[in-house]
Amino acid sequence: MTRARAQTPTQRDEALQAALLQRTEQWQSAAARSERLSRERAANLADATQMADDYRLLAHDLARARRLMPDSRVRQYLEAAYLRAHATLYREASRPAEALLSLFRVEIPAVVRWLTPHIIWATAIFILTVGAGYWMVHTYPDLISLFASPDLIATVEHGQLWTAGILNIVPSSVLSLQILTNNIVVSLFAYCAGFVFGLGTLYILGLNGLMLGAVFAFTGQHGLDGALFRFIVPHGCVELSVMCLSGAAGAAVGEALIRPAHGDRMKSFQVAALRSGKLLIACALLLVGSGIIEGYLSPRAGIPLWLRMAVGVGYWLAMIAFLRPFASDVTPRTESTVFSPVTPAAPR
Amino acid sequence: MPTTRSRATPELLLDSVTGVDLALPVAGAGARCYAFVIDWLIRAILFAAWYGVAALIYNGRWSFAAPLNPDPRWFVFVVAPAAGTYFLYHMVLELALQGRTPGKRMAGVHIVARDGSTPGVGALLTRNVFRLVDSLPLFYGIGLVATLVTKDHIRIGDMAAGTLLAYERTDVALPSAADAEIAGDLLSRWSSLTSDARQHLAIEILSRYGYEYGSTAATDATLRAQLERLSRGPTR
């Protein structure tokens with residue numbers, strides 16, 4: 001006791017340093033455990049709780065090493081080990097099956113409910129632009145050149161839809177693949193374009209609506225609007241709905257930037273992007289189905305209108321059942337285990 | 001709350017429940033571009049290799065041309081895998097390698113969430129979907145400008161996903177008992193060696209254990225103190 005009291009600060013530091021350096025085996029064991037648990041599950045409960053103890057041990061010893069040996073190899077080693085332990089400990093639990101089930105059963109319906117106002121607005125904008133496109137070409141037929149290619153215009157003027165006989169040129173499988181890829185990209189783009197304060201999404205929704213209305217008006221002038229409706233109805237019910245859904249997701253992203261609801265703009269943007277992004281997974285899956293219908297069924301002649309209507313409406317009802325917008329067992333604004341925004345560490 | 005410290009190389013400062021902070025050096029536009037170019041070369045080579053070999057097998061002769069009439073087999077075996085490799089490269093590898101790709105590994109960077117953890121599946125998917133915006137109008141123009149003007153050097157996809165690119169901490173080995181013995185041996189002969197010789201040997205030994213000596217020459221006393229620290233060794 002007397003000798004300890006007589007120690008100078010330097011001697012005390014050296015004694016502390018020596019005591020610290022005797023724990024290297026524990027550090028190495030902790031580093032090995034965090035490295036292993038970053039790749040695989042813990043062997044048992046003790047293994048997992050030991051990880052938390054290791055984290056505290058590394059933090060404690062790093063704090064001492066920073067003071068006692070600031071420029072040493074030991075401090076560097078502890079920094080790296082502590083960082084790896086931190087990343088392992090804060091990593092999301094990996095339960096893919098459970099996360100997927102929760103995503104489709106709870107989280108996507110919750111997002112649909114959260115986005116209901118945006119979906120209504122996106123649908124209204126889309127319908128308005130369809131009407132505007134129809135009115136423009138109906139009133140000023142020359143304006144069709146703004147919305148349709150010269151080939152399409154020439155084909156319709158010859159009394160045929162551009163889809164007639166397409167299966168003689170392109171096989172259904174290739175057509176489906178091309179269509180669903182294109183539609184998924186457009187859908188993702190409508191979501192991402194919300195980054196420009198929602199204006200990009202508005203542009204994509206508006207342009208698609210104007211084109212649809214304009215082409216309907218143009219085909220109507222040549223007596224082909226019925227044929228166009230027959231072509232569109234099997235796949236279009238879901239395809240156009242998905243366009244409105246992805247537009248709603250993009251609008252939510254844009255709204256988060258215009259009037260942030262979670263602190264600053266960056267945080268709001270992140271929360272909105274991650275939350276509404278879940279809906280894009282559903283959109284992509286639905287577009288695969290409508291792409292297959294558009295490749296295999298829609299262009300095929302000889303399929304009666306009632307069957308086309310049945311497929312279109314049936315698939316649309318299946319979409320509603322999948323998205324469950326009226327489900328009561330989901331909590332709106334549920335935080336996802338897959339798409340959750342990063343939660344900051346607890347303050348000291 | 002995690003914040004970034006402004007310096008020549010900004011750092012992501014992480015709070016921890018332990019009370020011991022962590023600082024992650026944030027990668028800038030240079031490291032990002034370096035990683036991207038390597039990854040781009042890899043996926044371009046993979047794309048070309050798959051397309052070339054599959055097209056030769058499909059055509060049965062020295063021709064890479066697509067068939068005049070669209071053929072499902074051409075799309076399934078030639079176009080789809082090649083295009084999938086090119087366009088899904090980042091998404092698949094970042095998910096499989098916990099925020100890393102070969103290019104990022106070579107550049108010594110990896111993707112981290114703002115709490116320092118490995119980003120989740122949702123964040124990585126979102127980050128990659130936003131490449132559609134970042135890659136506009138050409139050659140990742142928007143993404144590049146965003147990394148240059150934001151203080152954390154992040155592109156739009158990182159803003160959406162709450163991620164950033166940080167430098168990897170290189171693994172370091174702890175000095176062992178053998179290292180301590182070598183250092184002790186040099187110290188015992190310290191006074192018998194010329195100043196140049198002992199400094200040369202000391203720097204050679206100490207450099208192996210993480211001590212860095214840049215343009216400024218280390219003094220005799222500093223080197224001796226560092227050797228003494230090493231000679232005490234962690235395993236005594």
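Here are some short exercises on a two-chain model, each with a worked solution.

**Before you start**

This is a predicted model, in which local features need pLDDT of at least 70 and side-chain atom pairs count only at pLDDT 80 or more, while totals for chains, interfaces and linings use all residues. Residues are numbered from 1 along each chain as its sequence is written, and chains are lettered from A, with ligands numbered from 1, in the order in which they are written.

**Exercise 1. Find out how confident the predictor is in each chain, and where pLDDT stays under 50 in chain A.**

Step 1. Start with the term: pLDDT is the predictor's confidence in each residue, from 0 to 100.

Step 2. Take the averages. Chain A has a mean pLDDT of 88, with 92% of its residues at 70 or more. For chain B the average is 86, and 89% of the residues score at least 70.

Step 3. Look for weak stretches. In chain A, pLDDT stays under 50 over residues 332-338, which have 21 contacts beyond four places in sequence in the model. Residues 342-348 of chain A are also below 50, and this stretch has 18 contacts beyond near neighbours in sequence. Here, two residues are in contact if their C-beta atoms, placed from the backbone, lie within 7 Å.

Step 4. Add the scores for the model: ipTM is 0.85 and pTM is 0.83.

**Exercise 2. Divide each chain into domains and state how far apart their centres lie.**

Step 1. The bounds come from an automatic or database domain assignment.

Step 2. In chain A, domain 1 covers 10-89 and domain 2 covers 97-323. Their C-alpha centres are 54 Å apart.

Step 3. In chain B, domain 1 covers 26-167 and domain 2 covers 177-232. Here the C-alpha centres lie 46 Å apart.

**Exercise 3. Describe how helix 3 and helix 5 of chain A pack.**

Step 1. Know what to look for: two packed helices are described by the angle between their axes and the distance between the axes. Axes are lines fitted to C-alpha atoms, for helices over the stretch in contact, and angles run from 0 to 180 degrees between N-to-C directions. Helices (H or I, at least four residues) and strands (E, at least two) are DSSP runs, numbered from the N terminus.

Step 2. Read off the geometry. Helix 3 (residues 24-37) and helix 5 (residues 73-89) of chain A pack at about 35°, and their axes are 9 Å apart.

Step 3. List the partners. Helix 3 of chain A contributes residues including A:Trp27, A:Ala30 and A:Ala31, while A:Tyr77, A:Leu78 and A:Ala81 are among those from helix 5 of chain A.

Step 4. Sort the contact residues: 8 are nonpolar, 2 polar and 2 charged. In this count, Ala, Val, Leu, Ile, Met, Phe, Trp, Tyr, Cys and Pro are nonpolar, Asp, Glu, Lys and Arg are charged, and the others, Gly among them, are polar.

**Exercise 4. Work out what is unusual in two loops of chain B, and whether B:Phe139 and B:His153 are buried or exposed.**

Step 1. Set the scene: chain B has 10 helices and 5 strands.

Step 2. Go to the loop between helix 5 (131-134) and helix 6 (141-149) of chain B, where B:Pro137 lies. The peptide bond from B:Leu136 to B:Pro137 is cis, with omega near -15°.

Step 3. Stay in that loop, which also holds B:Phe139. B:Phe139 is not a glycine, yet has a positive phi of about 50°.

Step 4. Move on to the loop between helix 6 and helix 7 (156-161) of chain B, where you find B:His153. B:His153 is not a glycine either, and its phi is positive at about 55°.

Step 5. Apply the cut-offs: a residue is buried if 20 or more other C-beta atoms, placed from the backbone, lie within 10 Å of its own, exposed if 12 or fewer, and partly exposed in between. B:Phe139 is exposed because 9 other C-beta atoms lie within 10 Å. B:His153 counts as buried because it has 22 C-beta neighbours inside 10 Å.

**Exercise 5. Show which residues B:Ala160 touches.**

Step 1. Place B:Ala160 in helix 7 of chain B.

Step 2. Count its surroundings: B:Ala160 is buried, since it has 29 C-beta neighbours inside 10 Å.

Step 3. Leave out residues up to four places away in sequence. B:Ala160 then touches A:Phe269, A:Gln270 and A:Ala273 in chain A, along with B:Thr126, B:Arg127 and B:Phe130 in chain B.
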